[in-house]
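Here is a friendly walk through one protein model, from its charged pairs to its helices and its surface. Keep the structure in view as you read.

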Amino acid sequence: MRIALITIGQSPREDVMGELRRYLEGVEYLELGLLDGLSGEEISSLKAEGSEIEYVTRLRSGEEVRVSRRKLEPLLERKLNSLRGVDLAIILCTGEFEVSPKIPLIYPWEIMASIVESLNPRKLGVIVPLQSQIEYAHRRWGSLCEDLKVCSWSPYRDREPDLRELADRQLVIMDCIGYSIEHEKLVSRFTSALILRARPAIGALLRVLRRIW
């Protein structure tokens with residue numbers, strides 16, 4: 001099995017791969033970034049305009065950048081369709097994209113949504129990186145619970161969050177691939193809820209794929 005791991009920022013994403021690598025033993029993989037090889041001016045041109053959905057990612061330098069989902073989609077489609085000898089791809093982002101790849105493409109947010117559906121929490125909390133994503137998160141996760149609270153905190157900035165509003169949640173989703181186990185530990189100071197992150201969700205899928213492929 002050969003897997004393409006695609007970040008919407010620049011590769012390598014050692015912060016992500018440092019956690020995922022243990023799930024990839026015996027698996028051939030390559031890591032790619034949608035912003036690889038782009039100039040600073042080209043990256044700046046990918047910023048969201050108006051009410052467009054924006055995602056946040058990281059450059060190789062560690063710098064946070066915000067990008068438009070609409071503007072990333074053709075970059076993702078070209079990257080996917082340029083792959084050769086790859087069985088499937090995993091997008092290292094919890095966002096959604098409208099693309100038509102020639103190989104299977106796995107979205108981590110769909111794995112997380114399946115877990116939420118199986119747990120059926122009444123009180124759900126979601127943490128997103130950007131304030132501008134809160135309304136988007138309500139549309140995406142609101143149908144999976146009776147009571148939803150969404151707050152923002154970027155994993156790419158050194159800012160202590162105030163997440164006290166999540167204290168009464170039963171399940172908290174950390175809705176960005178950038179959230180690490182250290183971020184999870186910080187969230188656990190504010191709530192006793194079960195915490196769901198993207199990286200372990202991807203890892204669980206990789207374990208299954210290694211058994212059946």
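A residue is called buried when its relative accessible area is under 20%, exposed when it is over 50%, and partly exposed in between (1.4 Å probe, protein chains only). With a relative accessible area of 34%, Asp168 is therefore partly exposed.

Before going on, please note that this is a predicted model, in which local features need pLDDT of at least 70 and side-chain atom pairs count only at pLDDT 80 or more, while totals for chains, interfaces and linings use all residues. Residues are numbered from 1 along each chain as its sequence is written, and side-chain values use heavy atoms, leaving out hydrogens and water.

**Salt bridges**

A salt bridge is a side-chain nitrogen of Lys or Arg within 4 Å of a carboxyl oxygen of Asp or Glu. How many salt bridges does the structure hold? There are 23, and the table shows some of them.

| Pair | N to O distance |
|---|---|
| Asp15 and Arg13 | 2.8 Å |
| Arg197 and Glu19 | 2.6 Å |
| Lys123 and Asp168 | 3.9 Å |

The Lys123 and Asp168 pair links distant parts of the chain, 45 residues apart: Lys123 sits in strand β7 (residues 123-128), and Asp168 in the loop between β8 (147-152) and β9 (171-174). Helices (H or I, at least four residues) and strands (E, at least two) are DSSP runs, numbered from the N terminus.

Now look at the Arg197 and Glu19 salt bridge. Arg197 lies in strand β10 (residues 194-197) and Glu19 in helix α1 (residues 14-20), so the pair ties together parts that are 178 residues apart in sequence. Both Arg197 and Glu19 are buried. In the Asp15 and Arg13 pair, Arg13 counts as buried because its relative accessibility is 1%, whereas Asp15, at 25%, counts as partly exposed. These four residues belong to a network of salt bridges that also links Arg58, Glu184 and Arg199.

**Two helices**

The expected span of a helix is 1.5 Å times one less than its number of residues. For the 15 residues of helix α7 (residues 198-212), this gives 21 Å, and the end C-alpha atoms are 22 Å apart, which agrees. Among the buried residues of α7 are Ala201, Ile202, Leu206 and Leu209.

Helix α4 (residues 108-119) has twelve residues, so it should span 16 Å; its end C-alpha atoms are 17 Å apart, which agrees. The buried residues of α4 include Trp109, Ile111 and Met112.

**Patches on the surface**

Patches are made of residues with over 30% relative accessible area and no salt bridge; like charges are joined within 9 Å, and nonpolar side chains (Val, Leu, Ile, Met, Phe, Trp, Tyr) within 5 Å. One patch of positive charge gathers Arg22, Arg207, Arg210 and Arg211. Arg210 is part of helix α7 and counts as partly exposed because its relative accessibility is 36%.

Ile212 is also found in α7, and at 61% relative accessibility it counts as exposed. Together with Val208 and Trp213, Ile212 forms a nonpolar surface patch with about 330 Å² of accessible area.

**Backbone details**

Most residues other than glycine have a negative phi, and most peptide bonds are trans. Asn120, however, has a positive phi, near 50°. Asn120 follows α4, in the loop between α4 and β7, and is exposed, with a relative accessible area of 59%.

Which residues does a cis peptide bond join? They are Ser11 and Pro12, with omega about 0°. Pro12 is placed in the loop between β1 (2-7) and α1.

Note on methods:
Accessible areas come from the Shrake-Rupley method with a 1.4 Å probe; for residues, only the protein chains shown count as cover. Lys and Arg count as positive and Asp and Glu as negative; His and the chain ends are not counted. The place of a charge is taken as NZ of Lys, CZ of Arg, CG of Asp or CD of Glu.
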